[in-house]
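User: I am new to this structure. Please walk me through the pocket and the ligand, one feature at a time.

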Amino acid sequence: MDEKERRDILAALLDTTRECVLVTDEGYRISGWNEAARRTFSPNISPEGRRISEVLRELDLHEAFRKALDDGLESDIRLEIGTGRKFDVHVSPLRLGETREAIAFFYETTRLDRLEVVRQEFLSNISHELRTPLTSILAFVETLEDGGVDDEENKRRFLSVIRRNAERMNTLIADILELSQIEAGKVAVEPKAVGLSGLVNEIFTDLGSKARSREIKLASTIDPEVRVFADSQRLEQMLVNLIDNAIKFDRVGGTVTVSHERRDDLDLISVSDTGEGILPEHLVRIFERFYRVDRARSREMGGTGLGLSIVKHLARLHHGDASVESVLGRGSTFRIELPALEK
Ligand code: ADP
């Protein structure tokens with residue numbers, strides 16, 4: 001095989017990889033590239049014959065090419081380009097004929113890096129969320145140890161604070177496990193035709209005393225005939241979450257209304273409250289894990305900040321979605337969209 005043939009084979013192979021590949025000659029000029037590299041690093045002019053430093057200015061990369069060309073050594077570097085994309089780059093000497101060349105493979109890590117950040121944030125959120133009730137439990141146990149046990153009047157109160165915080169940790173762990181099961185694809189939904197009105201009325205019964213304690217009226221405008229296509233247990237879980245939130249965040253004496261509408265081939269189930277509404281900057285993040293408008297207030301009400309995230313995941317498992325609209329001072333409407341059973 002002569003050098004030209006070898007080069008042709010190399011070029012054909014490189015074009016099949018998704019990784020970016022650049023080859024330079026002894027003078028640091030680009031002598032080979034694949035389509036991915038051209039699109040990423042030199043979209044407007046052909047890379048042919050350009051110096052590597054004109055295409056990518058990073059000194060580390062230049063040094064890696066120097067090592068490969070002058071010393072015949074391989075090296076690995078991390079590279080971030082102007083657009084914020086990140087790469088692990090492997091540079092090695094390349095011999096295709098008489099000439100000395102160097103070849104660099106760019107493995108993009110942007111997405112993995114982002115996932116790593118998300119993972120770390122999630123862990124730090126969990127630790128923080130668990131520590132708060134734990135600190136409180138420890139403080140009250142200490143108080144009891146330091147003589148509080150003999151304080152008949154306060155003893156019950158201390159114990160009930162300890163219980164409440166332990167229950168909080170329990171709920172939190174249950175929600176975290178639930179979310180991670182869903183995210184790991186371990187939760188399967190079995191959609192069937194479900195009578196929506198009956199389901200909503202059952203939830204109203206379950207949440208009735210909570211609503212009454214805040215003098216909130218629960219209303220449903222759903223036609224008794226309406227059937228939606230969903231896993232009834234999961235649909236109930238989503239609706240309990242949304243209706244429970246609506247009761248918690250509505251104003252005292254307000255109304256929570258659940259309604260249904262068929263739009264094209266979607267069933268839209270809405271849960272509206274007459275609370276204070278949500279500011280646009282919170283609205284866009286509200287389905288994120290642990291995101292809460294008012295951390296202290298949510299905690300006070302036994303919230304974990306995971307409910308809406310679970311709702312969104314469950315809706316997506318049904319090939320649907322969850323969304324929110326809100327008018328400040330008037331209230332919020334959370335909506336579950338589900339693909340309809342029939343048109
Ligand atoms: P939480 O356990 O705190 O209720 P969620 O994920 O269910 O967690 O909700 C996240 C946050 O979204 C809540 O803490 C609250 O700030 C806001 N939120 C949810 N539902 C409503 C609503 N109906 N009205 C106003 N704010 C709401």
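User: How much space lies in the largest pocket?

Analyst: Keep in mind that this is a predicted model. Its largest pocket holds about 900 Å³ of space. The lining is made of 40 residues. Those closest to the pocket's centre are Asn245, Lys248, Phe249, Ser298 and Leu308.

User: Which elements give two or more residues to that lining?

Analyst: Look for helices and strands that face the space. Here they are α6 (152-183), α8, α10 (295-300), α11 and β12. The largest share comes from α8, with nine residues.

User: How do the residues of the lining divide into nonpolar, polar and charged?

Analyst: Sort them by class. The lining has 16 nonpolar residues, 14 polar ones and ten charged ones.

User: Where does the ligand sit?

Analyst: In the largest pocket. So that you can read its surroundings, count as neighbours the residues with a heavy atom within 4 Å of the ligand. By that count, 19 residues surround it. The closest are Asn245, Asp273, Ser298, Thr304 and Leu308. Asn245, Ser298 and Leu308 are also among the residues closest to the pocket's centre.

User: Which element supplies the largest share of the shell around the ligand?

Analyst: That is α8, with four residues. Three elements each supply at least two residues of this shell: α8 (232-249), α11 (307-317) and β12 (331-339).

User: What classes of residue make up the shell around the ligand?

Analyst: Nine are nonpolar, seven are polar and three are charged.

User: Which polar side-chain atom lies 2.8 Å from an oxygen atom of the ligand?

Analyst: For polar contacts, look at pairs of N or O atoms within 3.5 Å. The side chain of Asn245 provides the atom you ask about, 2.8 Å from a ligand oxygen. Backbone atoms count too. A polar backbone atom of Val293 is 3.0 Å from an oxygen atom of the ligand. For Gly305, a polar backbone atom is 2.9 Å from a ligand oxygen.

User: How much of the ligand's area does the protein bury?

Analyst: Compare the ligand alone with the ligand in place. Alone, it exposes 530 Å². The protein buries 95% of that area.

Notes:
Residues numbered from 1 in each chain as written. Predicted model: local features only at pLDDT ≥ 70, side-chain atom pairs only at ≥ 80, totals over all residues. Heavy atoms only, no water. Polar contact = N/O pair within 3.5 Å; in protein donor to acceptor, adjacent residues only side chain to side chain. Areas by Shrake-Rupley, 256 points an atom, 1.4 Å probe, with all protein chains shown as cover. 1 Å grid on protein atoms, 1.4 Å probe; cavity = no way out; pocket = protein on both sides within 12 Å on 5 of 7 lines; lining within 4 Å. Sits in = over half its atoms within 2 Å of the grid points. Nonpolar A, V, L, I, M, F, W, Y, C, P; charged D, E, K, R; others polar. Points joined across faces, edges and corners; volume = space filled by probe spheres on them.
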